[in-house]
Every structure is written in C-alpha cells, then in structure tokens.
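Open the model in your viewer and keep the selection panel at hand. The tour moves from one selection to the next.

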Amino acid sequence: MTGTMPLSFLSPGTEATVVDVRADGGLLRRLVAMGIYSSSRVTVVCSDRGSLIITVAGTRYALSKGMAMKILVGGYTHETPEQLTGERAS
Amino acid sequence: MKKTIRIALAGNPNVGKSTIFNALTGSRQHVGNWPGVTVEKKSGWVKYQDYEIEVVDLPGTYSLTAYSVDEVVARDYIIDEKPDVVIHVVDATNFERNLYLTTQLMELGVPLVMALNMSDMAEKAGTAINRASMKKFFEIPVVRTVGSRAEGLEELLRTAVQEAETSPHHEHAIGYGDAIERTISGLVTALGNDPALAARYPPRWLAIRLLEGDDNAKGKLSGSPAQAHVLALLNTPDLAETEAAMADRRYEVIAALLPQVCTTCVKEMNSSDLIDRVITNRYLGIPIFLALMWGAFQLTFAVAAPFMAAIDALFGYCAGLLASGTVEPAWLGSLLGDGIIGGVGSVIIFLPNIFILLFILSLLEDSGYLARAAFVMDRLMYAIGLPGKSFIPMLIGLGCNVPAIMATRTIEDKNDRLITILINPFMSCGARLPVFVLLAGIFFTADAGTMVFFLYLLGIAVAIGSAWLFRKTILPGKPAPFLMEMPPYRLPTLATSVRHMWDRGSMYIRKAGGIILTGAVIVWFLASFPYGVEYGSAESYAGMLGHLLQPIFAPLGFDWKIAVALLFGFIAKEIVVGSLGILYGAGEDEGTLAAALLADPSFGPVTAFALMVFVLLYMPCIAALAVIKKETGSWKWTLFSVGYGITVAYILALIIVHIAPVIIGRI
C-alpha cells in the first residue's frame with residue numbers, strides 16, 4: 001500500500017486524490033453526494049491533530065479525525081507529510 | 001379563472017434557497033411541520049399572471065438518498081405530492097458541487113428549472129456559466145438569479161409556469177453503461193409487474209435506488225407482488241461494486257459536462273483559507289470563540305436593558321390602572337393585574353434579551369462562523385461523548401431552551417440528538433437570571449457578579465457531566481464523527497438575520513405564550529382561593545400546597561413559601577421571583593422583597609445559594625418540556641428529564657447546605 005494513507009495524516013496545503021472511502025451505507029452515500037469519492041481531488045486547508053478542513057471542488061468541509069481516517073488518499077503533492085510521525089501512535 | 005400550480009424548491013444547503021423562497025413569497029408564508037417528522041415545512045404563495053402559485057421550500061440536501069430525515073422528506077415530497085415543477089436552486093459561485101443533486105433530480109423525472117443563484121458573486125469572481133449549453137446538455141431551462149437582491153425572480157416564475165404547462169417532458173437520464181443498464185431494465189420489468197407500484201414511483205428511479213442499496217427504497221417494496229422477484233434480482237454478490245460504479249458514472253458525466261458549460265469553474269478559492277487557519281487554530285480557536293461569546297452576552301444585556309425598562313414601565317402602568325380599582329368586579333381586576341400581568345409580564349420582559357441573543361447568533365451563523373465554532377468545539381465535545389454539532393444548541397440554550405431544543409434537528413444520529421436534548425435544560429436560560437440577580441444581589445452583595453458567573457459555569461458543568469453519564473449508562477455509543485460543510489464567509493444581510501431571528505424567536509412567543517398564560521391563571525387561582533383568603537397567604541390553596549410540600553424541602557432549609565415559589569417556577573422559572581414577592585407580601589417591588597427576605601431568620605446566604613442552585617437545575621420549565629415531548633416524541637424521556645433534573649438539583653442543594661456552612665465557618 002505504498003503511497004496510500006488516511007487523509008487525516010496530510011498537512012495543510014497538501015493536495016491528494018481519494019483512493020478509497022472506508023464507510024458504508026448512508027455515510028458513504030452522503031460522502032459521495034458531498035463530492036468525496038474515489039478519484040476526487042482534495043486539498044487540506046488546515047489541520048489540527050488529525051481534524052481537518054478540506055476543500056473538494058471548491059466546497060469546504062470540516063472533518064473530525066475519525067472521519068478523516070476513513071478516507072484513504074494517494075498521489076499527494078508533499079511526499080512526507082509532517083504529521084505522519086507522532087500521530088500514528090494515537 | 002385562476003390556475004393553481006405547485007412549485008418545490010430543492011437544493012444543497014447554503015445555496016440561498018431560503019432567500020429565494022422569502023423573496024418569492026414575501027409575507028405570504030406558512031411554517032408547519034412535515035407529516036410525521038419534526039422537520040420544518042415552509043410553504044408560501046405568490047401570484048404570477050393568471051397563476052396562483054404555491055411554493056414549498058424543501059430541506060437543503062446534498063442528495064436524495066435516505067441518509068437523514070431531511071433527504072427522505074425532500075424526496076418523498078417530490079414523489080408523493082408530485083409538484084408541477086421543481087426549481088433546483090444552485091450556487092453559481094460553486095457550481096460543480098451542486099450537479100450531483102441535479103443528476104438525482106433528473107432521475108426522478110420531474111419537470112425541472114435550474115436557478116443559478118448568487119450569479120452576481122460568481123460573475124464578480126470571473127465565473128462564466130454558459131446557460132445555453134447547460135440547457136442543451138441537461139435539457140433543463142436555466143435562469144440567472146440573485147436572491148439577496150430579488151433579481152431574476154420574474155423570469156424564474158415565467159420559466160417555471162412554462163415548464164408546468166409543457167408536456168410531455170424530455171427525460172434526460174444518465175446512462176450507466178451496458179452491464180448496469182441491463183440490470184436496471186431487468187428491475188424495471190420486474191417492477192412493472194406491480195402496476196400500482198410503478199404508477200407511484202418512477203420505475204427507473206426506484207430501480208436505481210434499489211441498486212444503490214437504499215433501505216428506504218427497499219421498504220417501498222414491502223407488500224408488493226413484485227417484491228420477491230425484485231429482491232431476487234438484487235441478490236447478487238457485486239452489488240457494492242455496482243453502487244460505487246454508479247456514483248463514479250454520475251461524476252464522470254458531471255466532469256465531462258463541466259468544461260463545456262463553465263470554463264472557469266475548475267478553480268481554487270483561497271480567500272477564506274487564512275481566516276479559517278486563524279479561527280480554527282489549535283491554540284487560538286477556543287479563545288477566539290470565548291471572546292466572541294463574551295462579547296455577545298455583554299452586548300445582549302447592554303442593548304436589552306432600555307427595552308426591558310420600557311416593557312417594565314408599560315406593565316407597571318397597566319398594573320397600576322388595575323390596582324386603582326377601576327375594573328369591576330374586583331376578582332377580575334385581581335386576575336388581570338396579579339395573575340396575567342404579574343405572570344405573563346415577568347416572561348415578556350425577557351423577550352428583548354432572547355431576541356437580541358438570537359439575532360447575534362443569527363449574525364454569527366449567517367456569516368459562516370458558527371459552523372467553524374462547532375468544528376473548533378468538536379474535539380472537546382467528542383471527549384464528553386457529544387458530537388460537535390450539539391454545541392450550537394447548547395449555546396442557544398443560554399438564551400432560551402425552547403429554540404435550543406428545536407435546533408438539535410440538524411444532528412443526524414438519534415442518540416446524539418437525544419443526549420443533546422436532555423442536557424439542554426441545564427444551560428442557564430435567560431429566565432433564571434432574574435432569580436440569580438435578586439438572590440445574589442441581596443445575600444452576596446459584593447460578589448454577586450462572581451456568584452452569577454459561577455452558576456452559569458455550574459450549569460455547563462452539570463450538562464457536560466450528565467452527557468458523560470448518559471453515554472456511560474443509558475445511551476451508550478460513540479458520537480457520530482464530525483462532517484459538516486463550512487459555508488464560505490459572507491457578510492450577513494440585516495434582512496436575512498432578522499428573519500432568522502424571528503423564525504426562532506417567534507416560536508418562543510407562540511409556544512410559550514399560551515402555556516405561560518394558562519399557568520399564570522392557575523397560579524393566580526391557587527393563590528386567591530378558597531374565597532375570602534388573603535392573596536397568597538398560608539390559608540390559600542397555594543399556601544396549603546406549600547405546607548404539604550415543605551417536609552420534602554425541609555432538609556434543604558426551604559420553608560413553605562420557597563416550596564410554593566418552586567412549584568410555580570415550573571411554569572416559567574422567573575415566576576419564582578414574582579411568587580416570592582407575593583408570598584412575602586411585597587408585590588413585584590424588589591426593594592421591599594429584599595428587605596423582607598433579609599428580615600426572615602430562616603433565609604441566609606446558604607439557603608439563598610442552595611435555592612439558586614436548585615432553581616438552576618430542577619426540572620425544565622413547562623414550555624421546554626412541551627418541546628422535549630414534541631422533539632423526542634416520547635413521554636418516557638420527557639418524564640425522565642423532569643425526574644433527573646429534580647434529583648440532580650436536590651442532591652447538589654443538599655451538598656451545599658451541608659458543606660457551605662463549614663467553608664463559611666473556616667473563612
């Protein structure tokens with residue numbers, strides 16, 4: 001799974017492509033309707049200990065860490081996000 | 001002969017749908033509830049040429065699946081009520097994200113008109129949407145609108161009427177590719193075996209919903225002769241893949257269309273980035289929020305003061321007229337003066353406070369800040385077992401618990417919402433303030449401000465502690481992870497915020513008004529009879545009740561007068577002050593009451609402290625209870641809320657009565 005990681009590990013300013021959404025049923029459909037689905041591009045605006053504000057197609061969403069962990073991304077612009085270390089343990 | 005048609009407004013949240021609705025219908029509106037659920041239903045009327053048009057504002061949704069109550073309501077309305085036209089309100093500044101809903105509306109096969117709202121802002125930002133090619137590709141007429149300035153509404157109505165009168169309609173559907181299309185047509189054929197079902201729900205739409213694993217759609221099959229066959233067709237192992245493929249396909253269509261209708265739509269917006277980075281900053285977020293709230297409360301009390309004085313003077317004048325004995329018979333004068341003006345007046349006087357606080361909150365909400373505040377507080381809230389969204393109702397609860405409990409409707413998870421409702425009465429609303437001001441002013445003169453502040457904090461602490469306790473015991477589970485759109489920052493317009501304030505505040509007047517009036521009359525009756533007793537004396541029914549209740553309150557050091565006041569405070573907590581006034585023979589005048597309370601040997605600082613804590617926490621007022629019943633739909637939880645509140649209040653007051661003397665003795 002090289003190159004894939006949860007969205008919550010990305011640092012501000014990073015752009016990435018959604019690879020997989022680990023949710024099902026209603027939540028998955030809600031995310032899709034909001035524009036968060038495999039192959040959509042997301043940009044992280046700010047992050048605070050894993051909680052994020054992101055933009056998807058010009059719309060801004062806030063996600064808690066729990067939600068951001070369900071979204072797997074790849075193809076990010078920054079190779080080694082700063083938050084990767086340290087956050088993993090928690 | 002006038003013709004009547006029905007238009008429904010559909011759209012994502014934050015696209016200015018309500019603004020369009022208000023601009024169309026003006027004051028000809030009606031607010032009610034959708035049948036069976038407590039989602040607000042707004043409808044209104046507008047005349048256009050020969051047409052009398054009913055406009056229904058559907059809840060803002062991202063899609064028409066069945067994830068939340070809002071979505072079910074919106075799509076059931078379109079399917080069951082079959083409006084003549086659906087106007088799809090779209091945010092032109094953020095065009096792309098709206099199109100997913102467009103595809104779903106198209107699949108429903110209703111006549112559609114698209115309103116490209118906030119077009120002025122989009123044009124200013126350099127976004128050009130080619131309406132002609134939009135019409136060509138989607139076969140939907142597109143109208144440019146600016147809701148805040150009521151631009152384009154005439155054309156919108158003309159187009160809507162035209163669509164309503166045109167038949168048959170082009171149905172422009174998305175093709176899902178050969179494999180999926182084969183499954184769809186198989187399902188459509190199977191559904192066709194039940195003509196009643198097929199007449200009620202567009203078969204292709206129902207087939208698509210079923211393929212996407214929509215349980216609500218599956219429920220529509222129950223009892224149908226086609227059910228078994230359809231379910232057998234759905235019983236394939238690759239259903240999950242099909243669902244994903246269909247969502248992908250919709251986005252493919254959108255992605256393919258977008259560059260042809262809007263060359264500038266694929267872009268980055270950065271103006272809000274910096275503000276968001278500061279406002280939601282890990283260290284600054286909470287201090288900024290607290291500072292704003294502190295400012296809001298300061299402003300509320302400063303601005304409300306002259307209004308309150310004016311209302312007070314008005315009621316004083318009326319009471320004076322009645323007291324002078326001009327009204328015959330005397331009992332009627334007493335009912336009007338002591339009962340209605342004394343009881344209802346003490347509630348009306350807090351309207352300025354409530355409305356100003358709701359106005360400031362509306363400003364914060366309309367500017368886009370409140371969504372950020374919910375996000376900032378999410379981590380804190382999550383730790384105590386609540387979602388960030390329940391923070392906004394808690395905030396509104398500091399003004400009045402009634403609109404606060406209604407504001408919990410945006411919380412999707414049932415348990416999350418129930419906990420948020422149950423802890424809300426502990427947030428000290430405006431009605432409790434006069435009790436605190438009176439008692440703290442008398443018994444804690446120099447430290448009155450600190451004491452009141454402490455009581456507010458205690459209320460919040462009890463709310464948090466209760467949420468934690470409920471999560472550990474009766475309502476286990478984890479709060480739903482936070483996912484919320486952060487609307488772009490906008491300068492709120494006065495008209496929108498005032499309307500917003502009115503929507504919330506008028507509910508308070510309507511719902512509380514009737515109940516409090518009834519309650520006030522009951523109090524007056526109990527205090528006046530049996531016939532001939534002195535008003536509010538120990539011999540009145542109120543006095544008898546007080547003596548009956550006194551043994552219960554004796555451990556807290558409350559005498560019969562306090563017991564009566566607390567009983568009446570159930571109607572509205574500010575009545576505690578008025579009742580004490582009556583029972584101590586001081587009327588509503590606070591100076592005399594203060595002297596009377598100080599002279600009472602059984603009433604000291606410790607009793608006052610315990611009483612304030614008790615008033616803060618004991619059962620919700622009758623208006624809040626009515627809303628709790630309505631929103632939870634359950635007597636069990638309503639009664640639980642009463643029982644729990646009294647228990648907590650009693651225990652804490654008991655602790656204070658036993659511990660405070662020790663602490664005071666030490667000092």
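Two strands pair if DSSP finds at least two bridges between them. Helices (H or I, at least four residues) and strands (E, at least two) are DSSP runs, numbered from the N terminus. The model is predicted: local features need pLDDT of at least 70, side-chain atom pairs count only at pLDDT 80 or more, and totals for chains, interfaces and linings use all residues. Residues are numbered from 1 along each chain as its sequence is written, while chains are lettered from A and ligands numbered from 1 in the order in which they are written.

**Stop 1: across the chains.** Select strand 5 of chain A (residues 59–63) and strand 8 of chain B; they pair antiparallel over three bridges. A:Leu63 sits opposite B:Leu483.

**Stop 2: the contact.** Chain B gives 31 residues and chain A 25 (contact: C-beta atoms, placed from the backbone, within 7 Å). On chain B's side, helix 3, helix 12 (239–261), helix 13 (271–279), helix 17 (369–383) and strand 8 (483–485) each supply at least two residues.

**Stop 3: strand 6 of chain B.** Select residues 112–117. Six of the six residues are buried, so the strand is largely enclosed by the rest of the structure. Buried means 20 or more other C-beta atoms, placed from the backbone, within 10 Å of the residue's own. B:Leu112, B:Met114 and B:Leu116 point one way; B:Val113, B:Ala115 and B:Asn117 point the other.

**Stop 4: its neighbors.** Add strand 5 of chain B (residues 85–91), which pairs parallel with strand 6 of chain B over six bridges. B:Ile87 has B:Val113 as bridge partner. Now add strand 7 of chain B (residues 142–144), joined to strand 6 of chain B in parallel by three bridges. There B:Arg144 stands opposite B:Leu116.

Definitions and conventions. Buried ≥ 20, exposed ≤ 12 C-beta atoms within 10 Å, placed from the backbone. Contact = placed C-beta atoms within 7 Å.
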